[in-house]
Amino acid sequence: MASVTLSVNGKSVTRDVDARTLLVEFLREHMRLTGTHVGCDTTQCGCCTVHVNGEAMKSCTLLAVAVDGATITTIEGLAKGQDLHPMQAAFREHHGLQCGFCTPGMIMSAVDMVRRKGTDLDDKTIREELEGNICRCTGYHNIVKAIHYGAEAMGKAGTAAE
Amino acid sequence: MYPFNYHRPGTLADAVKLAGADEAKIMAGGMTLLPTMKQRLAAPSDIVDLNGLGLSGITVASGKVTIGAMTRHADVAGSAELQKAIPALAELAGMIGDPMVRHRGTIGGSVANDDPAADYPSACLALGATIVTNTREMSAEDFFVGLFETALQPGEIITKIIFPVPEKANYQKFRNPASRYAIVGVFVAKFASGVRVAVTGAGSGGVFRQNDFEAALSKDFSAKAIEGIAQSADSLNSDIHADAAYRAHLIGVMARRAVEAAR
(Lines give C-alpha, C1' and ligand atoms only; values in the text may rest on other atoms or scores of the structure.)
Protein backbone atom coordinates (compact mmCIF):
# COMPACT_ATOMS: atom_id res chain seq x y z
CA MET A 1 0.00 0.00 0.00
CA ALA A 2 1.10 3.53 -0.73
CA SER A 3 -0.12 6.80 0.70
CA VAL A 4 -1.41 9.22 -1.94
CA THR A 5 -2.31 12.83 -1.25
CA LEU A 6 -4.13 14.81 -3.92
CA SER A 7 -5.94 18.10 -4.08
CA VAL A 8 -9.19 17.18 -5.82
CA ASN A 9 -11.51 20.02 -6.82
CA GLY A 10 -9.97 22.19 -4.13
CA LYS A 11 -10.13 19.60 -1.33
CA SER A 12 -7.06 17.82 -0.01
CA VAL A 13 -7.48 14.05 0.34
CA THR A 14 -5.11 11.34 1.53
CA ARG A 15 -5.75 7.64 0.99
CA ASP A 16 -3.72 4.45 1.38
CA VAL A 17 -4.03 2.63 -1.93
CA ASP A 18 -2.54 -0.32 -3.80
CA ALA A 19 0.22 0.90 -6.13
CA ARG A 20 -1.83 -0.44 -9.06
CA THR A 21 -4.68 1.99 -8.38
CA LEU A 22 -5.30 4.14 -11.44
CA LEU A 23 -6.15 7.79 -10.97
CA VAL A 24 -9.63 7.15 -12.37
CA GLU A 25 -10.17 4.37 -9.79
CA PHE A 26 -8.97 6.69 -7.04
CA LEU A 27 -11.51 9.29 -8.15
CA ARG A 28 -14.45 6.97 -8.77
CA GLU A 29 -14.03 4.25 -6.17
CA HIS A 30 -12.17 5.95 -3.33
CA MET A 31 -13.72 9.41 -3.64
CA ARG A 32 -17.06 8.44 -5.23
CA LEU A 33 -16.61 11.10 -7.89
CA THR A 34 -18.30 9.10 -10.62
CA GLY A 35 -18.55 11.91 -13.16
CA THR A 36 -15.22 10.82 -14.62
CA HIS A 37 -16.03 7.83 -16.81
CA VAL A 38 -14.14 4.79 -18.05
CA GLY A 39 -15.07 4.12 -21.66
CA CYS A 40 -12.35 2.06 -23.26
CA ASP A 41 -9.74 1.66 -20.49
CA THR A 42 -7.10 1.66 -23.26
CA THR A 43 -6.18 5.39 -23.50
CA GLN A 44 -8.25 5.98 -26.60
CA CYS A 45 -11.74 7.29 -25.87
CA GLY A 46 -11.00 10.23 -23.55
CA CYS A 47 -14.06 9.72 -21.29
CA CYS A 48 -11.72 9.67 -18.29
CA THR A 49 -10.09 13.04 -19.05
CA VAL A 50 -9.33 15.17 -15.98
CA HIS A 51 -6.95 18.06 -15.37
CA VAL A 52 -3.68 17.21 -13.60
CA ASN A 53 -1.90 20.36 -12.45
CA GLY A 54 -3.97 22.24 -15.03
CA GLU A 55 -3.31 19.96 -18.01
CA ALA A 56 -5.78 17.48 -19.54
CA MET A 57 -4.71 13.86 -19.10
CA LYS A 58 -6.34 10.45 -19.35
CA SER A 59 -6.89 9.26 -15.80
CA CYS A 60 -7.19 5.60 -16.89
CA THR A 61 -3.52 5.71 -17.87
CA LEU A 62 -2.02 7.31 -14.78
CA LEU A 63 -1.13 5.60 -11.53
CA ALA A 64 -2.59 7.53 -8.60
CA VAL A 65 0.71 7.08 -6.77
CA ALA A 66 2.61 8.61 -9.71
CA VAL A 67 0.66 11.87 -9.43
CA ASP A 68 0.97 12.06 -5.63
CA GLY A 69 0.88 15.70 -4.61
CA ALA A 70 -0.90 16.88 -7.78
CA THR A 71 -3.87 19.20 -8.12
CA ILE A 72 -6.75 17.45 -9.89
CA THR A 73 -9.87 18.98 -11.39
CA THR A 74 -12.71 16.68 -12.44
CA ILE A 75 -16.03 17.45 -14.14
CA GLU A 76 -17.54 17.86 -10.63
CA GLY A 77 -15.14 20.73 -9.98
CA LEU A 78 -16.16 22.98 -12.88
CA ALA A 79 -19.53 24.37 -11.80
CA LYS A 80 -19.73 27.08 -9.15
CA GLY A 81 -22.56 25.88 -6.92
CA GLN A 82 -25.71 25.88 -9.06
CA ASP A 83 -24.05 27.87 -11.86
CA LEU A 84 -22.75 25.68 -14.65
CA HIS A 85 -19.32 26.41 -16.08
CA PRO A 86 -19.73 28.27 -19.42
CA MET A 87 -18.54 25.15 -21.30
CA GLN A 88 -21.11 22.97 -19.52
CA ALA A 89 -23.80 25.54 -20.26
CA ALA A 90 -22.81 25.58 -23.93
CA PHE A 91 -23.07 21.77 -24.17
CA ARG A 92 -26.60 22.01 -22.74
CA GLU A 93 -27.62 24.97 -24.89
CA HIS A 94 -26.30 23.46 -28.15
CA HIS A 95 -27.25 19.88 -27.34
CA GLY A 96 -23.65 18.69 -27.50
CA LEU A 97 -24.55 15.21 -26.29
CA GLN A 98 -26.93 12.34 -26.73
CA CYS A 99 -26.27 9.53 -24.26
CA GLY A 100 -23.87 11.72 -22.28
CA PHE A 101 -21.27 9.08 -21.52
CA CYS A 102 -18.40 10.88 -23.26
CA THR A 103 -19.54 14.34 -22.17
CA PRO A 104 -17.44 14.77 -19.00
CA GLY A 105 -14.29 13.99 -20.99
CA MET A 106 -15.40 16.18 -23.88
CA ILE A 107 -15.93 19.13 -21.54
CA MET A 108 -12.64 18.65 -19.67
CA SER A 109 -10.83 18.47 -23.03
CA ALA A 110 -12.69 21.52 -24.29
CA VAL A 111 -11.73 23.63 -21.27
CA ASP A 112 -8.09 22.53 -21.73
CA MET A 113 -8.34 23.39 -25.43
CA VAL A 114 -9.36 26.96 -24.53
CA ARG A 115 -6.42 27.20 -22.11
CA ARG A 116 -4.02 26.27 -24.91
CA LYS A 117 -5.67 27.72 -28.01
CA GLY A 118 -7.69 30.67 -26.76
CA THR A 119 -11.38 31.53 -26.88
CA ASP A 120 -11.73 32.05 -30.64
CA LEU A 121 -11.74 28.47 -31.96
CA ASP A 122 -12.58 27.52 -35.55
CA ASP A 123 -14.12 24.17 -36.44
CA LYS A 124 -10.91 22.75 -37.89
CA THR A 125 -8.96 23.45 -34.69
CA ILE A 126 -11.72 22.02 -32.50
CA ARG A 127 -11.97 18.83 -34.56
CA GLU A 128 -8.19 18.34 -34.58
CA GLU A 129 -7.91 18.96 -30.86
CA LEU A 130 -10.68 16.44 -30.16
CA GLU A 131 -8.45 13.67 -31.52
CA GLY A 132 -8.38 11.98 -28.11
CA ASN A 133 -12.13 12.06 -27.40
CA ILE A 134 -14.51 9.59 -28.99
CA CYS A 135 -18.30 10.00 -29.15
CA ARG A 136 -20.39 7.12 -30.47
CA CYS A 137 -23.71 8.99 -30.70
CA THR A 138 -23.57 12.49 -32.04
CA GLY A 139 -21.35 12.51 -35.10
CA TYR A 140 -19.57 15.38 -33.30
CA HIS A 141 -21.43 18.19 -35.07
CA ASN A 142 -23.10 19.64 -31.99
CA ILE A 143 -20.07 18.96 -29.81
CA VAL A 144 -17.95 21.12 -32.10
CA LYS A 145 -20.63 23.79 -32.07
CA ALA A 146 -20.92 23.67 -28.27
CA ILE A 147 -17.15 24.02 -27.85
CA HIS A 148 -17.08 26.98 -30.24
CA TYR A 149 -19.73 28.85 -28.25
CA GLY A 150 -18.47 27.59 -24.90
CA ALA A 151 -15.00 28.95 -25.65
CA GLU A 152 -16.52 32.29 -26.65
CA ALA A 153 -18.54 32.37 -23.44
CA MET A 154 -15.44 31.56 -21.38
CA GLY A 155 -13.75 34.57 -22.95
CA LYS A 156 -16.66 36.83 -22.03
CA ALA A 157 -16.93 35.40 -18.52
CA GLY A 158 -13.19 35.70 -17.97
CA THR A 159 -12.88 32.02 -17.05
CA ALA A 160 -10.44 31.21 -19.87
CA ALA A 161 -7.40 32.00 -17.74
CA GLU A 162 -8.47 29.82 -14.81
CA MET B 1 -2.33 -5.42 -13.71
CA TYR B 2 -0.14 -7.77 -11.72
CA PRO B 3 1.24 -6.35 -8.45
CA PHE B 4 4.52 -4.45 -8.48
CA ASN B 5 6.66 -2.34 -6.18
CA TYR B 6 6.52 1.33 -7.07
CA HIS B 7 9.57 3.61 -6.72
CA ARG B 8 9.99 7.28 -7.51
CA PRO B 9 13.70 7.93 -6.94
CA GLY B 10 14.93 11.50 -6.48
CA THR B 11 18.37 11.00 -8.04
CA LEU B 12 19.62 9.41 -11.25
CA ALA B 13 22.03 7.23 -9.25
CA ASP B 14 19.15 5.77 -7.21
CA ALA B 15 17.09 5.28 -10.36
CA VAL B 16 19.91 3.37 -12.04
CA LYS B 17 20.34 1.16 -8.97
CA LEU B 18 16.60 0.37 -8.78
CA ALA B 19 16.26 -0.15 -12.54
CA GLY B 20 19.03 -2.75 -12.43
CA ALA B 21 16.76 -5.19 -10.57
CA ASP B 22 15.92 -8.30 -12.54
CA GLU B 23 12.31 -7.68 -13.54
CA ALA B 24 12.25 -3.92 -13.05
CA LYS B 25 10.79 -1.58 -15.67
CA ILE B 26 11.53 2.09 -16.10
CA MET B 27 8.49 4.35 -16.45
CA ALA B 28 8.71 7.78 -18.07
CA GLY B 29 5.25 9.01 -19.16
CA GLY B 30 3.82 5.49 -18.98
CA MET B 31 1.70 6.02 -22.09
CA THR B 32 2.80 2.67 -23.52
CA LEU B 33 3.92 0.82 -20.39
CA LEU B 34 0.70 1.23 -18.40
CA PRO B 35 -1.64 0.00 -21.19
CA THR B 36 0.73 -2.94 -21.71
CA MET B 37 0.63 -3.77 -18.00
CA LYS B 38 -3.15 -3.41 -17.91
CA GLN B 39 -3.38 -6.03 -20.65
CA ARG B 40 -1.01 -8.19 -18.62
CA LEU B 41 1.45 -8.25 -21.48
CA ALA B 42 4.06 -6.93 -19.07
CA ALA B 43 4.44 -7.93 -15.44
CA PRO B 44 7.36 -6.01 -13.95
CA SER B 45 8.31 -6.69 -10.34
CA ASP B 46 9.27 -3.06 -9.85
CA ILE B 47 8.31 0.21 -11.53
CA VAL B 48 10.99 2.89 -11.45
CA ASP B 49 9.18 6.17 -12.12
CA LEU B 50 11.53 8.82 -13.54
CA ASN B 51 9.15 11.72 -12.83
CA GLY B 52 11.11 12.76 -9.76
CA LEU B 53 14.36 13.34 -11.63
CA GLY B 54 13.76 16.52 -13.60
CA LEU B 55 15.61 15.66 -16.84
CA SER B 56 13.31 17.93 -18.83
CA GLY B 57 13.83 21.06 -20.84
CA ILE B 58 14.99 22.25 -24.25
CA THR B 59 18.14 24.24 -24.99
CA VAL B 60 19.35 25.52 -28.35
CA ALA B 61 23.04 26.42 -28.60
CA SER B 62 25.77 26.43 -31.27
CA GLY B 63 23.91 24.47 -33.93
CA LYS B 64 22.51 21.86 -31.57
CA VAL B 65 19.20 21.28 -29.83
CA THR B 66 19.34 19.36 -26.56
CA ILE B 67 16.10 17.88 -25.24
CA GLY B 68 15.90 16.33 -21.77
CA ALA B 69 14.59 12.76 -21.79
CA MET B 70 11.57 13.59 -19.60
CA THR B 71 10.41 16.48 -21.79
CA ARG B 72 6.72 15.96 -22.66
CA HIS B 73 5.58 15.85 -26.28
CA ALA B 74 3.40 18.93 -25.66
CA ASP B 75 6.43 20.91 -24.48
CA VAL B 76 8.50 19.84 -27.50
CA ALA B 77 5.62 20.79 -29.82
CA GLY B 78 5.09 24.12 -28.07
CA SER B 79 8.71 25.24 -27.69
CA ALA B 80 9.20 28.59 -29.46
CA GLU B 81 12.97 28.03 -29.53
CA LEU B 82 12.61 24.62 -31.17
CA GLN B 83 10.00 25.89 -33.63
CA LYS B 84 12.68 28.33 -34.79
CA ALA B 85 15.62 25.90 -34.80
CA ILE B 86 14.04 22.64 -36.08
CA PRO B 87 10.36 23.31 -36.87
CA ALA B 88 9.99 19.78 -38.29
CA LEU B 89 10.79 18.25 -34.89
CA ALA B 90 8.27 20.45 -33.07
CA GLU B 91 5.63 19.60 -35.68
CA LEU B 92 6.38 15.88 -35.33
CA ALA B 93 5.86 16.07 -31.56
CA GLY B 94 2.49 17.74 -32.15
CA MET B 95 1.40 14.77 -34.30
CA ILE B 96 1.94 12.16 -31.57
CA GLY B 97 -1.16 10.62 -30.02
CA ASP B 98 -3.66 13.21 -28.82
CA PRO B 99 -3.45 16.31 -26.59
CA MET B 100 -3.86 14.32 -23.36
CA VAL B 101 -1.18 11.80 -24.30
CA ARG B 102 1.14 14.64 -25.33
CA HIS B 103 0.79 16.18 -21.87
CA ARG B 104 2.22 13.06 -20.26
CA GLY B 105 4.30 11.11 -22.82
CA THR B 106 8.01 11.89 -23.10
CA ILE B 107 10.64 11.89 -25.83
CA GLY B 108 12.93 9.63 -23.80
CA GLY B 109 10.17 7.10 -23.23
CA SER B 110 9.23 7.01 -26.90
CA VAL B 111 12.82 6.61 -28.05
CA ALA B 112 13.58 3.93 -25.44
CA ASN B 113 10.45 1.97 -26.37
CA ASP B 114 11.35 2.06 -30.10
CA ASP B 115 7.88 1.19 -31.33
CA PRO B 116 8.26 0.48 -35.08
CA ALA B 117 5.38 2.90 -35.76
CA ALA B 118 6.60 5.66 -33.40
CA ASP B 119 7.47 9.09 -34.81
CA TYR B 120 10.56 10.17 -32.86
CA PRO B 121 12.92 7.39 -34.05
CA SER B 122 12.68 8.74 -37.62
CA ALA B 123 13.67 12.22 -36.44
CA CYS B 124 16.60 10.84 -34.42
CA LEU B 125 17.89 8.84 -37.37
CA ALA B 126 17.37 11.50 -40.06
CA LEU B 127 18.83 14.30 -37.96
CA GLY B 128 21.76 12.16 -36.80
CA ALA B 129 20.89 12.60 -33.15
CA THR B 130 23.06 11.53 -30.24
CA ILE B 131 21.31 9.55 -27.49
CA VAL B 132 22.91 10.30 -24.12
CA THR B 133 22.46 7.88 -21.20
CA ASN B 134 23.79 7.76 -17.66
CA THR B 135 26.87 5.88 -18.93
CA ARG B 136 27.53 6.76 -22.60
CA GLU B 137 26.62 8.53 -25.82
CA MET B 138 25.33 6.67 -28.87
CA SER B 139 24.51 7.65 -32.42
CA ALA B 140 20.90 6.96 -33.45
CA GLU B 141 22.25 4.31 -35.88
CA ASP B 142 23.84 2.39 -33.03
CA PHE B 143 20.94 2.97 -30.68
CA PHE B 144 17.98 1.59 -32.69
CA VAL B 145 18.47 -2.17 -33.06
CA GLY B 146 15.11 -3.62 -34.15
CA LEU B 147 11.43 -3.87 -33.27
CA PHE B 148 11.05 -2.50 -29.73
CA GLU B 149 14.77 -3.17 -29.37
CA THR B 150 17.54 -0.66 -28.60
CA ALA B 151 21.15 -0.81 -27.47
CA LEU B 152 20.10 0.15 -23.93
CA GLN B 153 21.46 -2.21 -21.28
CA PRO B 154 19.38 -3.21 -18.24
CA GLY B 155 19.33 -0.30 -15.83
CA GLU B 156 20.65 2.16 -18.42
CA ILE B 157 18.63 5.39 -18.52
CA ILE B 158 18.42 7.98 -21.32
CA THR B 159 19.08 11.45 -19.92
CA LYS B 160 18.93 13.61 -23.04
CA ILE B 161 18.94 13.60 -26.82
CA ILE B 162 21.06 16.00 -28.87
CA PHE B 163 19.89 16.99 -32.36
CA PRO B 164 22.12 18.80 -34.89
CA VAL B 165 20.22 21.70 -36.48
CA PRO B 166 19.71 21.04 -40.23
CA GLU B 167 19.41 23.63 -43.00
CA LYS B 168 15.87 22.41 -43.47
CA ALA B 169 13.76 19.40 -42.63
CA ASN B 170 10.24 18.03 -42.67
CA TYR B 171 8.26 15.05 -41.41
CA GLN B 172 5.34 13.56 -43.29
CA LYS B 173 3.15 10.94 -41.69
CA PHE B 174 0.53 8.76 -43.35
CA ARG B 175 -1.69 7.86 -40.43
CA ASN B 176 -3.64 4.72 -39.85
CA PRO B 177 -7.15 6.22 -39.97
CA ALA B 178 -8.21 4.45 -36.76
CA SER B 179 -5.17 4.27 -34.49
CA ARG B 180 -3.51 7.38 -35.99
CA TYR B 181 -0.13 5.66 -35.73
CA ALA B 182 2.18 5.99 -38.74
CA ILE B 183 1.55 3.44 -41.48
CA VAL B 184 4.47 5.24 -43.06
CA GLY B 185 6.34 8.26 -41.72
CA VAL B 186 9.26 9.88 -43.54
CA PHE B 187 11.63 12.42 -42.02
CA VAL B 188 13.88 14.31 -44.47
CA ALA B 189 16.76 16.47 -43.19
CA LYS B 190 19.07 18.56 -45.37
CA PHE B 191 22.51 19.39 -44.00
CA ALA B 192 25.42 21.15 -45.70
CA SER B 193 27.11 17.73 -45.74
CA GLY B 194 24.18 15.97 -47.44
CA VAL B 195 20.61 14.78 -47.03
CA ARG B 196 19.38 12.10 -44.63
CA VAL B 197 16.04 10.31 -45.02
CA ALA B 198 14.58 8.05 -42.32
CA VAL B 199 11.44 5.92 -42.57
CA THR B 200 9.26 4.77 -39.69
CA GLY B 201 6.15 2.57 -39.59
CA ALA B 202 7.14 0.54 -42.63
CA GLY B 203 10.26 -1.51 -41.96
CA SER B 204 10.00 -5.02 -40.55
CA GLY B 205 13.19 -4.24 -38.61
CA GLY B 206 12.01 -0.86 -37.35
CA VAL B 207 13.18 2.58 -38.43
CA PHE B 208 15.65 2.70 -41.36
CA ARG B 209 17.43 5.12 -43.71
CA GLN B 210 16.55 5.31 -47.40
CA ASN B 211 20.03 5.50 -48.98
CA ASP B 212 18.90 5.83 -52.62
CA PHE B 213 16.72 8.84 -51.80
CA GLU B 214 19.57 10.32 -49.75
CA ALA B 215 22.06 10.07 -52.62
CA ALA B 216 19.68 11.63 -55.15
CA LEU B 217 18.53 14.39 -52.81
CA SER B 218 22.09 15.25 -51.82
CA LYS B 219 22.73 16.07 -55.49
CA ASP B 220 19.40 17.75 -56.17
CA PHE B 221 17.08 18.61 -53.28
CA SER B 222 13.81 18.43 -55.16
CA ALA B 223 10.83 16.09 -55.23
CA LYS B 224 11.59 15.43 -58.90
CA ALA B 225 15.01 14.02 -58.01
CA ILE B 226 13.46 10.97 -56.31
CA GLU B 227 10.39 10.58 -58.49
CA GLY B 228 11.85 7.72 -60.52
CA ILE B 229 13.54 5.88 -57.67
CA ALA B 230 11.71 2.71 -56.70
CA GLN B 231 11.48 1.73 -53.06
CA SER B 232 11.70 -2.05 -52.75
CA ALA B 233 8.87 -3.78 -50.89
CA ASP B 234 11.29 -6.40 -49.54
CA SER B 235 11.61 -6.25 -45.76
CA LEU B 236 8.61 -3.93 -45.42
CA ASN B 237 5.66 -4.81 -43.19
CA SER B 238 2.49 -6.34 -44.54
CA ASP B 239 -0.55 -6.34 -42.28
CA ILE B 240 -4.30 -5.75 -42.41
CA HIS B 241 -3.70 -2.00 -42.60
CA ALA B 242 -1.37 -1.93 -45.60
CA ASP B 243 0.62 -4.48 -47.57
CA ALA B 244 4.33 -4.10 -48.32
CA ALA B 245 3.81 -2.85 -51.88
CA TYR B 246 1.46 -0.11 -50.67
CA ARG B 247 3.90 0.90 -47.93
CA ALA B 248 6.72 1.02 -50.51
CA HIS B 249 4.59 3.33 -52.65
CA LEU B 250 3.76 5.52 -49.65
CA ILE B 251 7.43 5.93 -48.74
CA GLY B 252 8.03 7.62 -52.08
CA VAL B 253 4.94 9.81 -51.77
CA MET B 254 5.72 10.87 -48.20
CA ALA B 255 9.37 11.54 -49.02
CA ARG B 256 8.44 13.79 -51.95
CA ARG B 257 5.92 15.67 -49.81
CA ALA B 258 8.55 16.11 -47.09
CA VAL B 259 11.08 17.50 -49.57
CA GLU B 260 8.50 19.96 -50.90
CA ALA B 261 7.45 21.05 -47.41
CA ALA B 262 10.98 21.22 -45.94
CA ARG B 263 11.93 24.48 -44.27
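**Salt bridges, domains and the chain interface**

Over all chains of this predicted model, the salt-bridge count comes to 18. One pair crosses between chains, running from A:D41, in the loop between α1 (23-30) and β3 of chain A, to B:K38 in helix α2 of chain B. The closest N and O atoms of A:D41 and B:K38 sit 2.7 Å apart. The two ends of that bridge differ in their surroundings: A:D41 is partly exposed, at 35% relative accessibility, while B:K38 is buried, at 18%.

Zooming out to the interface itself, 21 residues of chain B and 27 residues of chain A take part in the contact. About 2,100 Å² is buried between chain B and chain A, with carbon and sulfur atoms giving 62% of that area. On the chain B side, B:K38, B:M100 and B:H103 lose the most area to chain A, and together they make up 32% of what that side buries. So much for area; as for pairings, three salt bridges are found across the interface of chain B and chain A, along with eight residue pairs in polar contact, both partners at pLDDT 80 or more. Helices α2 (33-38) and α6 (99-104) of chain B each supply at least two residues of the side that touches chain A. The largest share there, five residues, comes from α6(B). Sorted by class, the side of chain B that touches chain A has 12 nonpolar, three polar and six charged residues.

Within chain A, the domain assignment gives domain 1 (2-77) and domain 2 (86-157). Their contact takes 17 residues from domain 1 of chain A and 15 residues from domain 2 of chain A. The centres of the two domains, taken over C-alpha atoms, are 21 Å apart. Between them about 1,200 Å² is buried, 62% of it from carbon and sulfur atoms. The salt-bridge count between domain 1 and domain 2 of chain A is zero, but eight residue pairs are in polar contact, both at pLDDT 80 or more. On the domain 1 side, β3 (49-52) and β4 (55-58) of chain A are the elements that give two or more residues to the surface touching domain 2. Of these, β4(A) gives the most, with three residues. By class, that side of domain 1 has five nonpolar, 10 polar and two charged residues.

A:D112 is worth a stop. Its place is in helix α3 (residues 103-117) of chain A, and with a relative accessible area of 1% it counts as buried, because the cut-off for that class is under 20%. Leaving aside residues up to four places away in sequence, A:D112 touches A:H51, A:G54, A:E55, A:A56 and B:H103. A:D112 also forms a salt bridge with A:R115, the closest N and O atoms being 2.8 Å apart. Both residues lie in helix α3 of chain A, three residues apart, or about one turn of the helix. Unlike buried A:D112, A:R115 is partly exposed, at 37%.

Chain B has a pair of its own, B:E91 and B:R263, with closest N and O atoms 2.6 Å apart. B:E91 lies in helix α5 (residues 87-93) of chain B and B:R263 in the segment after α11 (244-261), so this bridge ties together parts that are 172 residues apart in sequence. B:E91 is partly exposed, at 31% relative accessible area, whereas B:R263 is exposed, at 55%. Back in chain A, salt bridges that share partners join A:D112, A:R115, A:R116, A:K117 and A:E129 into one network.

Key
Residues numbered from 1 in each chain as written. Chains lettered and ligands numbered in written order. Predicted model: local features only at pLDDT ≥ 70, side-chain atom pairs only at ≥ 80, totals over all residues. Heavy atoms only, no water. Domains from an automatic or database assignment. Contact = heavy atoms within 4.5 Å. Buried area = accessible area lost by both parts, 1.4 Å probe. Salt bridge = Lys/Arg side-chain N within 4 Å of Asp/Glu carboxyl O. Polar contact = N/O pair within 3.5 Å; in protein donor to acceptor, adjacent residues only side chain to side chain. Helix = DSSP H or I, 4+ residues; strand = E, 2+ residues; numbered from the N terminus. Nonpolar A, V, L, I, M, F, W, Y, C, P; charged D, E, K, R; others polar. Buried < 20%, exposed > 50% of the residue type's maximum accessible area, 1.4 Å probe, protein only.
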